[in-house]
Number of protein chains: 2
Amino acid sequence: MTTTPRSASASPQWELHPQLAADTVPVGDLAVSRLLASRDANYPWLLLVPRRTGAIEIIDLEPADQSELLHEMTRVAHTLKSVTRCDKLNIAAIGNVVLQLHVHVVARRCIDAAWPRPVWGAVPARAYAPGALDEFVAAIRRDLGL
Amino acid sequence: MTTTPRSASASPQWELHPQLAADTVPVGDLAVSRLLASRDANYPWLLLVPRRTGAIEIIDLEPADQSELLHEMTRVAHTLKSVTRCDKLNIAAIGNVVLQLHVHVVARRCIDAAWPRPVWGAVPARAYAPGALDEFVAAIRRDLGL
């Protein structure tokens, strides 16, 4: 097995948690994180998952990865706000159920299904109309230059 | 009125939102944020409020303030984990109800009142026993060198 001594290298055996894989579609890979889009049409909802084996908390990451994740988080927040023109961003690392470190970046509207409550567990997920999730992902990719 | 041209200076007219003031006790001031402790005894719960007038989103802050806030967030997360030896950290910037930018850093236990749900709106707040909140705040101050 090839060793990867630098924290900035991808963890060789990193795999996306199956629950996160089931709930999302891939958007692209940033330097540290895999960017995903939730299949729940209730809210435009992105997730950043650092490709680092065993990371559960942000503070588990090496300092350089931590800084890069936080940079990616603000970059993705700018993009999501610009693409959706939302009323509010909700950004959170919770992970009580799926332990693999993931950061939610959610676009909220004052008229969305859960407003003003947080989105987690608020209302059942709703499927996108055919093509709509692809369009959202394409807009995010364009804005991020992916 | 004295002008404060540098983003790293405190906003001259910044005031803590009255709802945040009512729900917390002050812990101390970091370079950018006022650190607060929630009065809710259900979970050890800290909040970082950047002392910047008008900031609602993390991405509203000047880049230098953004970096410092994210640094303070990880520093406070380390401290909260070390003081509480919690099972999980929950870190979030939501702000759908109180718009003034604030970042929650919450220590979760697998046996706490809301586990595994997020804490917001999960169960009614519970008062600390006399002296217990002061002890928690003192431990946080010691660990942060405040």
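How many residue pairs are in polar contact across the interface of chain A and chain B? The rule finds 14 of them, with both residues at pLDDT 80 or more. Keep in mind while browsing these close-ups that this is a predicted model.

**View 1. Chain A meets chain B with 29 residues from each chain.** Together the two chains bury about 2400 Å², and 62% of that area lies on carbon and sulfur atoms. On the chain A side, look for A:Ile59, A:Lys88 and A:Asn96: these residues lose the most area to chain B, together 27% of what that side buries. As a reminder for reading such values, the size of an interface is often given as the accessible area lost when the parts come together.

**View 2. Two salt bridges are counted between chain A and chain B.** In one of them, the side chain of A:Lys88 meets that of B:Glu57, at 3.0 Å from N to O. Helix H2 (63-84) and strand S4 (88-93) of chain A each supply at least two residues of the side that touches chain B. H2(A) gives the most to this side, with seven residues. Sorted by class, the side of chain A that touches chain B holds 17 nonpolar, six polar and six charged residues.

**View 3. Strand S4 of chain A pairs with strand S4 of chain B.** The two strands run in the antiparallel sense and are joined over three bridges. Follow the partners along S4(A): A:Ile91 has B:Ala93 as its bridge partner in S4(B), and A:Ala92 is partnered by B:Ala92. For orientation, strands of a sheet pair through backbone hydrogen bonds, either parallel or antiparallel.

**View 4. Ten strands from the two chains form an open sheet.** Reading across, the order is S1(A)-S2(A)-S3(A)-S5(A)-S4(A)-S4(B)-S5(B)-S3(B)-S2(B)-S1(B), with antiparallel pairing. Strand S1 (24-29) of chain A and strand S1 (24-29) of chain B stand at the edges with a single partner strand each, so one side of each is left without a neighbour in the sheet. Neighbouring strands of the sheet are turned by 20° against each other on average, direction ignored.

**View 5. Helices H3 of chain A and H2 of chain B pack on the sheet.** Helix H3 (residues 132-144) of chain A touches S1, strand S2 (33-38) and strand S3 (45-50) of chain A, and its direction makes about 15° with that of S1(A). Helix H2 (residues 63-84) of chain B touches strand S2 (33-38), strand S3 (45-50), S4 and strand S5 (103-108) of chain B. The direction of H2(B) makes about 20° with that of S5(B).

**View 6. A hairpin joins S1(A) to S2(A) through three residues.** Five bridges link these two strands, which run antiparallel. To find your place on the ladder, start at A:Thr24, which stands opposite A:Ser38 in S2(A).

**View 7. A:Asp29 and A:Arg51 form a salt bridge within chain A.** The closest N and O atoms of the pair are 3.7 Å apart. A:Asp29 lies in strand S1 and A:Arg51 in the loop between S3 and H2 of chain A, so the pair ties together parts that are 22 residues apart in sequence. Over all chains, a search of the whole structure finds ten salt bridges. In general, side chains of opposite charge can pair when their charged atoms come close.

**View 8. Cis peptide bonds lead into A:Pro116 and B:Pro116.** In chain A, the bond from A:Trp115 to A:Pro116 has omega near 0°, and A:Pro116 sits in the loop between strand S5 (103-108) and H3. In chain B, the bond from B:Trp115 to B:Pro116 likewise has omega near 0°, and B:Pro116 is found in the loop between S5 and helix H3 (132-144).

**View 9. A:Arg85 has a positive phi, near 50°.** This residue lies in the loop between H2 and S4 of chain A. For context on these last two views, most residues other than glycine have a negative phi, and most peptide bonds are trans.

Methods
Residues numbered from 1 in each chain as written. Chains lettered and ligands numbered in written order. Predicted model: local features only at pLDDT ≥ 70, side-chain atom pairs only at ≥ 80, totals over all residues. Heavy atoms only, no water. Contact = heavy atoms within 4.5 Å. Buried area = accessible area lost by both parts, 1.4 Å probe. Salt bridge = Lys/Arg side-chain N within 4 Å of Asp/Glu carboxyl O. Polar contact = N/O pair within 3.5 Å; in protein donor to acceptor, adjacent residues only side chain to side chain. Helix = DSSP H or I, 4+ residues; strand = E, 2+ residues; numbered from the N terminus. Nonpolar A, V, L, I, M, F, W, Y, C, P; charged D, E, K, R; others polar. Pairing = 2+ DSSP bridges. Axes fitted to C-alpha atoms, helices over the stretch in contact; angles between N-to-C directions.
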